[in-house]
Amino acid sequence: MTTYAPGLHILATFTAPAPQLLDMPACQAFFEAQVAAQGLTAVGAAYHAFPAGGFTAVVALTESHLSIHTWPEHGLATFDVFLSNFRRDNADRARELYAATLAFFEATEQSKTEVRR
């Protein structure tokens with residue numbers, strides 16, 4: 001039996017321009033491209049646009065998940081990504097995905113927590 005190596009869970013809140021926080025189709029294309037670019041495996045996804053604006057998205061990965069919830073009326077989003085280390089160390093991939101997300105949304109980080117678990 002191999003020793004368990006904790007994965008990295010990044011939880012963040014950021015501000016971003018309202019148009020980016022409203023564009024769910026662009027976010028979906030971005031997440032799909034990032035999953036492929038990072039060599040991750042998506043096993044399901046749910047995207048939901050709210051009538052008054054904003055959206056929520058959750059992508060289930062064999063490595064765990066990533067999610068975002070947007071509040072364009074407040075210029076805010078919450079984001080999290082957790083990548084386990086089942087077959088390889090994915091900490092750099094989690095950090096790269098988070099950095100790419102900030103760039104995609106033209107965001108400014110308000111808070112970020114990294115948890116090894």
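In this predicted model, glutamine 34 is in contact with Leu97 and Ala100, its neighbours within four places in sequence being left aside. Glutamine 34 has its place in helix H2. Its relative accessibility is 14%, and because buried means under 20% relative accessible area, glutamine 34 counts as buried.

Helix H2 spans residues 24–37 and has 14 residues. From its first C-alpha to its last, H2 reaches 20 Å, close to the 20 Å expected at 1.5 Å a residue. Besides Gln34, the buried residues of H2 include Met24, Cys27, Phe30, Phe31 and Val35. The buried residues cover an arc of only 135° around the axis and therefore lie on the same side of H2. An α-helix has 3.6 residues a turn, so residues three or four places apart point the same way. On the face of H2 turned away from the buried side are the exposed residues Pro25, Ala36 and Ala37.

The cover over the buried residues of H2 includes two helices, H1 (18–22) and H3 (91–104). Strands S2 (42–49), S3 (55–61), S4 (64–71) and S5 (76–83) are also among the elements that cover these residues. H2 lies across S2, S3, S4 and S5 and runs at about 165° to S2. At the N-terminal end, H2 is capped by aspartate 23, a side-chain oxygen of which lies 3.1 Å from the backbone nitrogen of alanine 26. Glycine 39, which follows H2, has a positive phi near 70°.

The strands form an open sheet of six, in the order S2-S3-S4-S5-S1-S6, with antiparallel pairing. S2 and S6 are the edge strands, each of which pairs on one side only. On average, and with direction ignored, neighbouring strands of this sheet are turned by 5° against each other. Helix H3 lies across S1, S4, S5 and S6, and runs at about 10° to S1.

Within the sheet, S5 pairs with both S1 and S4. Strand S1 (residues 8–15) is joined to S5 by eight bridges, and the two run antiparallel. The pairing of S4 with S5 is likewise antiparallel and extends over eight bridges. Leucine 83 in S5 stands opposite leucine 8 and is also the bridge partner of serine 64. Six of the eight residues of S5 are buried, so this strand is largely enclosed by the rest of the structure. Four residues lie between the strands in the hairpin of S4 and S5, where glycine 75 takes a positive phi near 65°. On the other side of S4, six bridges join this strand to S3 in the antiparallel sense. Valine 58 has serine 67 in S4 as its bridge partner.

Positive phi values also occur in residues other than glycine. Serine 64, found in strand S4, has a phi near 150°. With a relative accessible area of 23%, serine 64 is partly exposed. Glutamate 106 has a positive phi near 55° and lies in the loop between H3 and strand S6 (108–116). The relative accessibility of glutamate 106 is 53%, and this residue therefore counts as exposed.

Note on methods:
Residues numbered from 1 in each chain as written. Predicted model: local features only at pLDDT ≥ 70, side-chain atom pairs only at ≥ 80, totals over all residues. Heavy atoms only, no water. Expected span 1.5 Å × (residues − 1). Buried < 20%, exposed > 50% of the residue type's maximum accessible area, 1.4 Å probe, protein only. Arc of directions from axis to C-beta. Contact = heavy atoms within 4.5 Å. Polar contact = N/O pair within 3.5 Å; in protein donor to acceptor, adjacent residues only side chain to side chain. Pairing = 2+ DSSP bridges. Axes fitted to C-alpha atoms, helices over the stretch in contact; angles between N-to-C directions.
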